[in-house]
Structures are given as structure tokens and as C-alpha cells.
Amino acid sequence: MTRILNLILVGLLVASAIGVYSIKYESTLQAEKVAKLRRSIEAERRSIQALRAEWAYMSQPERVGDMAKRHLDLVPMKITQVVNPSELPAKVQQGDLIAEKLEGLGLAGPPQVTGSTQ
């Protein structure tokens, strides 16, 4: 009886050792994943900071103005380019196209109720 009990206890000891090993292995694997994600997040933060710095440089008003002078053929506006509002063409009035189509089909207006309700 004692030997059977000892064998059962040894089996339980081996099973618990295997269980502890598997838990340790899984936790180590998860810790490595967390560390990898943290490194990835930090790399993304550094690249975002670099992009923000580059954007700040690229959008400097002096730089944009110099590039506009170099690459665009902009000239000062002449007084003859100013137009009076009366010289502008009249605005074309556009109606409600859906309502016009519904009227054409005879579907415009409130629905007709037939029969009486008491």
C-alpha cells in the first residue's frame, strides 16, 4: 500500500513539475512578446517625432514663400483684374431634382388616406 501511495505521489510530483515548467515557458514567451511590442511602440514614437520635426521644417513660412517664388509664376494683382459684382454672371438656380421627379410621377404631396377610422 505504501509503495502505491509513493508511486502516486511521485506521479503527482512529476505532473506538477511539468505543469510549472509549461506555465514558466508560457510566461517567458508572453514577456518576450510584451518586450517586442514595447520596442515596436518606442520605434513608432521615434518615427512620429522625426516626422513632426520634418513637418515643422517643411511648413516654415519663409521656406514655403521661397519655394513659391522659385516654382510659381505669381505676379502682383493688377487693378484691372478687380471685377464689380454687377459684372459677374447670374447664379443659376437649381431646384430640388428629386422633388421635381416625384411631382412628374404624381407622387408629390402628403399621402392620401382612404377609408374612415373609427
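A residue is called buried when its relative accessible area is under 20%, exposed when that area is over 50%, and partly exposed in between (1.4 Å probe, protein chains only). The model is predicted, so local features need pLDDT of at least 70 and side-chain atom pairs count only at pLDDT 80 or more, while totals for chains, interfaces and linings use all residues. Residues are numbered from 1 along each chain as its sequence is written, and side-chain values use heavy atoms, with hydrogens and water left out.

**Exercise 1.** Determine which elements the chain holds and in what order they run.

*Solution.* Begin with the rule that helices (H or I, at least four residues) and strands (E, at least two) are DSSP runs, numbered from the N terminus. Under this rule the chain has three helices and zero strands, and from the N terminus on the order is α-α-α. Helix α1 covers residues 2–58, α2 covers 61–71, and α3 covers residues 97–105. After α3 comes Gly106, with a positive phi near 80 degrees.

**Exercise 2.** Set the radius of gyration of the chain beside that of a compact globule of 118 residues.

*Solution.* The radius is taken over C-alpha atoms, and the globule rule is 2.2 Å times the number of residues to the power 0.38. For 118 residues a compact globule would come out near 13 Å, but the chain has 40 Å. Next, take the box along the principal axes, which the C-alpha atoms fill at roughly 115 × 80 × 20 Å. Finally, look at two pairs, C-alpha to C-alpha: Lys91 and Ile18 lie 83 Å apart in space and 73 residues apart in sequence, while Pro61 and Ala17 lie 68 Å apart in space and 44 residues apart in sequence.

**Exercise 3.** Classify Ile8, Lys91 and Pro61 as buried, partly exposed or exposed.

*Solution.* Ile8, which is found in helix α1, counts as partly exposed because its relative accessibility is 48%. Lys91 sits in the loop between α2 and α3, and it counts as exposed because its value is 71%. Pro61 has its place in helix α2 and counts as exposed because its value is 61%.

**Exercise 4.** Find what share of the chain is buried, and then look at α3.

*Solution.* Buried residues make up 0% of the 118 residues in the chain. Helix α3 is accordingly hardly covered, with a count of zero buried residues among its nine.
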